[in-house]
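Me: Could you help me take a close look at a single part of this model? I am new to reading structures, so please explain the terms as you go.
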Amino acid sequence: MKITRRWQVGCLAGLGLALAAMTGCQTWTSGMTLPSGRYLQHPPQYFPPSPAFPLTRELAAMEAQAAGVAPPGAPGALPPPLPGGAAPAPPPLPPPPGP
């Protein structure tokens, strides 16, 4: 019984040591969090700089409106008015028949 228990404890301890050796871990000492020993093996992440105004299309449309230029995709100018003024309004519809 004692030999079996020692064997189980030894295997568990060996497994724990193997896992600790294979996985780098951070350590906390003297108020600092230090990286694992393999931090130089990982490629650095790149975050491109963000623009000064994050909504670039909206900014371009607002600047075009301020300059008096139609933004791309906007409808063109309105057609000229008809000669002789506006057309007369159609007559009103008769009321529906009652029951």
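Read along the sequence, what pattern does the protein chain follow? After that, please stay with helix α2 (residues 56-67).

Reply: Happy to! Along the sequence the pattern is α-β-β-α, made up of 2 helices and 2 strands (DSSP runs numbered from the N terminus: helices are H or I with at least four residues, strands are E with at least two). This is a predicted model, where local features need pLDDT of at least 70 and side-chain atom pairs count only at 80 or more, while totals for chains, interfaces and linings use all residues. Residues are numbered from 1 along each chain as its sequence is written, and side-chain values use heavy atoms, without hydrogens or water.

Now to α2. Confidence in the protein chain is highest here, with a mean pLDDT (the predictor's confidence in each residue, from 0 to 100) of 87; strand β1 (residues 27-29) has the lowest mean, 63. For the whole chain the mean is 77, and 78% of the residues reach 70 or more.

The helix has 12 residues and spans 16 Å from its first C-alpha to its last, close to the 16 Å expected at 1.5 Å a residue (1.5 Å times one less than the number of residues). Leading into α2 is the loop from β2 (32-34), where L55 sits. L55 counts as partly exposed because its relative accessibility is 45% (buried is under 20%, exposed over 50%, partly exposed in between, with a 1.4 Å probe and protein chains only). Just after α2, G68 takes a positive phi of about 85 degrees.
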